[in-house]
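Me: I would like to go through this structure term by term. For each label, please give the value and the criterion behind it.

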Amino acid sequence: MRPGEIRDRLDNDQMGPVVVLSSDLFNTAMNRVLVAPLLATPDMAASIPVKGGHLAFPLILSLPPVALSEPRGRIDDADLDEVHGYLAGAMTR
């Protein structure tokens, strides 16, 4: 699993698509994947616009890899860099 991939959750059909945020190294070492829900509209106050919708920043989840489908797309690298920058800034506040 690579950062920026759009996948569906297999463990909960109410959530919709998610975007992988964590690196392949993190995913393998921790046997967990950090993801954020991809929303069609900016329903959350703290959402980040990306290709295909908005990432729900407050709803970052840690899931086992088996809970995610095969990739069905990806967000742009520029969007991913912006998301990682936003997350890093939020974590240092």
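**Labels and their grounds**

Reply: The model is predicted. Of the 93 residues of the chain, 37% count as buried, that is, they have under 20% relative accessible area.

Me: What makes the chain as compact as a globular protein of that length?

Reply: The chain has two helices and six strands, in the order β-β-α-β-β-β-β-α. Its radius of gyration is 12 Å, and the globule rule gives 12 Å for 93 residues, so the chain is as compact as a globular protein of that length. The C-alpha atoms fill a box of roughly 30 × 25 × 20 Å along the principal axes.

Me: Why are Ile6, Val19, Leu21 and Ala36 called part of a nonpolar core?

Reply: A nonpolar core requires buried residues of nonpolar kinds, joined through side-chain atoms within 4.5 Å, so residues that satisfy this are grouped together. Those four belong to the largest such core, which has twelve residues, including also Leu38, Ile48, Val50 and Leu55. β3 (33-39), β4 (47-50) and α2 (77-91) each supply at least two of its residues. The largest share, three residues, comes from α2.

Me: Which residues does Ala36 touch, leaving out those up to four places away in sequence?

Reply: They are Val18, Val19, Leu21, Leu55, Ala56 and Ile60. A contact here means heavy atoms within 4.5 Å. Val18 belongs to a second, separate core of seven residues, which also includes Val35, Leu63 and Leu68.

Me: How many of the contacts between residues at least 6 apart in sequence join residues at least 24 apart?

Reply: The share is 49%.

Technical notes:
Residues are numbered from 1 along each chain as its sequence is written. This is a predicted model: local features need pLDDT of at least 70, side-chain atom pairs count only at pLDDT 80 or more; totals for chains, interfaces and linings use all residues. Side-chain values use heavy atoms; hydrogens and water are left out. Helices (H or I, at least four residues) and strands (E, at least two) are DSSP runs, numbered from the N terminus. The radius of gyration is taken over C-alpha atoms; the globule rule is 2.2 Å times the number of residues to the power 0.38. Buried means under 20% relative accessible area, exposed over 50%, partly exposed in between (1.4 Å probe, protein chains only).
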